[in-house]
Amino acid sequence: MHGQKRNEYKSRLLNPEAATKLATKAQQWNHLSNELLQQRRRLFSNSNAVSSSQFDDVKDKQQKPVSAEMLLSLTEKMLSVNPDPSHLWNIRREMLLYVPTEVSNEELLSADVSQSSSSSIPTTTIDIKAELELTAHCLQRNPKSYSSWYHRKWSLVYHLTHPTTTSKPTTDNEIDKNYAQDVHIKQHLDKMKSTLQSELELCAQFLLMDERNFHCWNYRRFVVAILGSCGSSSTIKEEMAITEKSDMEMFNGSWSSWLNQTKVSMGAQLSQNAITAVGSIPSNSTNQVNEHDIAKSILLLTKQELEEIITTEWDFTTSKIQDNFSNGSAFHYRSKLLPLVLETRLSSSTSDDFSSSSSSSSSSSSSSSSSSSNDTISPSERYGAMLSLARDEWESILLNAVFTEPDDQTPWWYHRFLLSWAEPLAELEDEDELVEEYVGLLFEMADSLRDLLEIEKESDMTSSSEKKKDESKGVKCKWAYIGLHLCLDKLLPWIDEEEAGELREEANACLAQLISIDESRKERYLQL
């Protein structure tokens with residue numbers, strides 16, 4: 001239904017020829033669904049019959065042998081037609097986890113898996129290329145398929161945390177074994193980073209087709225989180241703790257684990273048991289690499305790597321907003337990045353001050369050390385940087401957006417967020433210079449919005465020779481009036497009583513205009 005008008009969709013169903021074709025497709029779909037479910041039952045009933053009971057050896061010789069590969073092929077065929085049913089993806093993940101353990105029943109009965117050699121225990125990898133190609137094809141059919149995006153996330157994390165098993169070292173030296181495993185994990189993470197960079201490029205391509213697809217924006221934040229969780233490319237392992245969280249929380253899409261900061265609001269996108277959602281995989285092999293081994297080998301990002309990721313995402317949102325000021329997803333992402341950009345700027349300024357006062361400094365510093373250096377910055381310095389960043393956002397993004405599209409509520413939402421974010425904290429009320437700077441920014445905003453209102457009023461009077469109704473006159477100014485009222489309301493606590501009285505009158509005049517423009521919200525404006 002995405003991208004289709006309801007009446008056009010219904011008219012197709014009234015066409016007898018189209019209705020016949022749809023009925024035929026529905027029958028074919030039902031046939032495939034029944035076949036898939038029957039084969040799945042046979043697959044598990046046959047394995048359970050042999051492994052759990054030696055008495056039940058009844059088998060239908062006429063039926064073809066069932067394999068997980070056969071069910072994977074069926075799910076691929078069905079999902080390529082309709083990627084939305086989540087139960088099909090669940091069955092596919094079940095088979096992806098079942099394939100590695102698919103050994104003959106006789107071997108399962110005769111061998112103790114926990115004591116078997118590594119050669120008898122299959123690898124726990126999936127064909128990540130095949131899964132990414134399948135989900136990409138499905139997303140071309142429906143770019144807003146929840147199940148397809150989820151499976152793509154699951155595939156990436158499973159591939160990351162379940163690398164191929166390494167060959168058994170010829171030496172019994174524990175140090176050599178650990179070194180070989182670290183090298184293997186590092187190679188795996190480097191390949192994973194390359195895959196994730198390709199995913200970011202794919203996100204950019206998807207957003208060219210639909211720049212406000214929030215599924216894709218959400219997936220991009222997920223890819224960035226996994227990219228950060230792959231750790232630093234540094235070859236020197238410093239003495240530091242990765243995190244106090246569980247290993248799985250490093251790969252669930254949360255930003256807090258790799259930023260090493262507590263005040264990050266972009267949380268997990270996969271549940272704790274998402275990797276092993278179906279079934280269990282033997283991981284008792286002495287040379288099996290699991291997510292715990294990977295987590296132990298990951299280094300925190302260096303300051304430079306952390307800044308590169310944040311700056312890249314910040315620049316990406318800038319380009320998308322400049323392409324379309326109505327891109328709410330880009331503005332939302334930018335609001336989440338704003339505190340991180342602030343920390344990046346503070347860290348850079350601290351580093352610049354340090355390097356100018358000292359000729360010798362380390363060539364690389366971790367993100368944890370940079371965050372600790374940020375803790376030494378005084379609240380007034382931090383707030384000064386906040387005001388500077390807020391002014392940049394107003395002058396470089398918002399001013400152009402509201403003058404270009406004054407009737408688009410998206411940049412006005414970001415304007416409201418920015419004013420709340422840059423408001424002085426209680427402990428800074430005695431910092432007269434900073435308060436004056438904040439008040440100056442509000443006055444500048446108010447002056448610009450007054451100019452916008454004058455321009456729009458002149459445009460309303462000259463755009464048409466027809467007499468306009470009062471309700472429609474200045475309708476484009478609705479959000480400008482709301483924005484001006486917000487600026488004036490924020491100013492009132494910080495100025496003297498005489499000036500506050502004049503601004504209060506102007507704020508009430510804005511509300512009176514809003515009542516005539518937006519009569520359906522009259523009670524709200526009266527309460528204000």
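This report describes the fold content, aromatic contacts, nonpolar cores and selected residues of a predicted model.

## Overall architecture

The protein chain contains 20 helices and 0 strands. Of its 528 residues, 43% count as buried. Among contacts in the protein chain with a separation of 6 or more, 79% are between residues 24 or more positions apart.

## Aromatic pairs and the ring cluster

A search of the whole structure returns 13 aromatic pairs. One of them joins W217 and Y333 in an edge-to-face arrangement, with 5.9 Å from centre to centre and 75 degrees between the planes. This pair links distant parts of the chain: W217 belongs to helix α9 (residues 214-229) and Y333 to helix α13 (residues 328-357), and the two residues are 116 residues apart. Both W217 and Y333 are buried. The pair formed by W255 and W258 is tilted, because the ring centres are 5.3 Å apart and the planes stand at 50 degrees. W255 and W258 are likewise both buried.

Ring pairs connect these four residues with F316, giving a cluster of W217, W255, W258, F316 and Y333.

## Charges over ring faces

Two arginine placements accompany aromatic rings. R221 lies over the face of Y333, 5.6 Å from the ring centre; Y333 is also the edge-to-face partner of W217. R334 lies over the face of W314, at 3.7 Å from the ring centre.

## Nonpolar cores

The largest nonpolar core has 103 residues, of which L156, L196, F251, W255, W258, L259 and W421 touch the most other members. A second, separate core comprises 22 residues, including A68, M95, L96 and W154. In soluble globular proteins, nonpolar side chains tend to be buried together.

Two of the residues that touch the most other members of the largest core, W255 and W258, also belong to the ring cluster.

## Helix α18

Helix α18 (residues 478-491) has 14 residues, and at 1.5 Å a residue it should span 20 Å; its end C-alpha atoms are 20 Å apart, so the expected and computed spans agree.

The helix is mostly covered, with 12 of its 14 residues buried. The buried residues of α18 are K478, A480, Y481, I482, G483, L484, H485, L486, C487, L488, K490 and L491.

## The surroundings of S148

S148 is located in helix α7 (residues 146-161). Its relative accessibility is 0%, so S148 counts as buried. Apart from neighbours within four places in sequence, S148 is in contact with P83, W89, T135, C138 and L139.

## Cysteines

The search of the whole structure finds 0 disulfides. C203 is accordingly in no disulfide, and the nearest cysteine sulfur, that of C216, lies 4.2 Å away. That distance exceeds the 2.5 Å within which two cysteine sulfur atoms count as a disulfide.

C203 has a relative accessibility of 2% and therefore counts as buried. C230 is buried as well, with a relative accessible area of 2%.

Terms used. Residues numbered from 1 in each chain as written. Predicted model: local features only at pLDDT ≥ 70, side-chain atom pairs only at ≥ 80, totals over all residues. Heavy atoms only, no water. Phe/Tyr/Trp six-rings, centres within 6.5 Å; stacked < 30°, edge-to-face > 60°. Helix = DSSP H or I, 4+ residues; strand = E, 2+ residues; numbered from the N terminus. Buried < 20%, exposed > 50% of the residue type's maximum accessible area, 1.4 Å probe, protein only. Lys NZ or Arg CZ within 6 Å of the ring centre and 35° of its normal. Core = buried A, V, L, I, M, F, W, Y, C linked by side-chain atoms within 4.5 Å. Expected span 1.5 Å × (residues − 1). Contact = heavy atoms within 4.5 Å.
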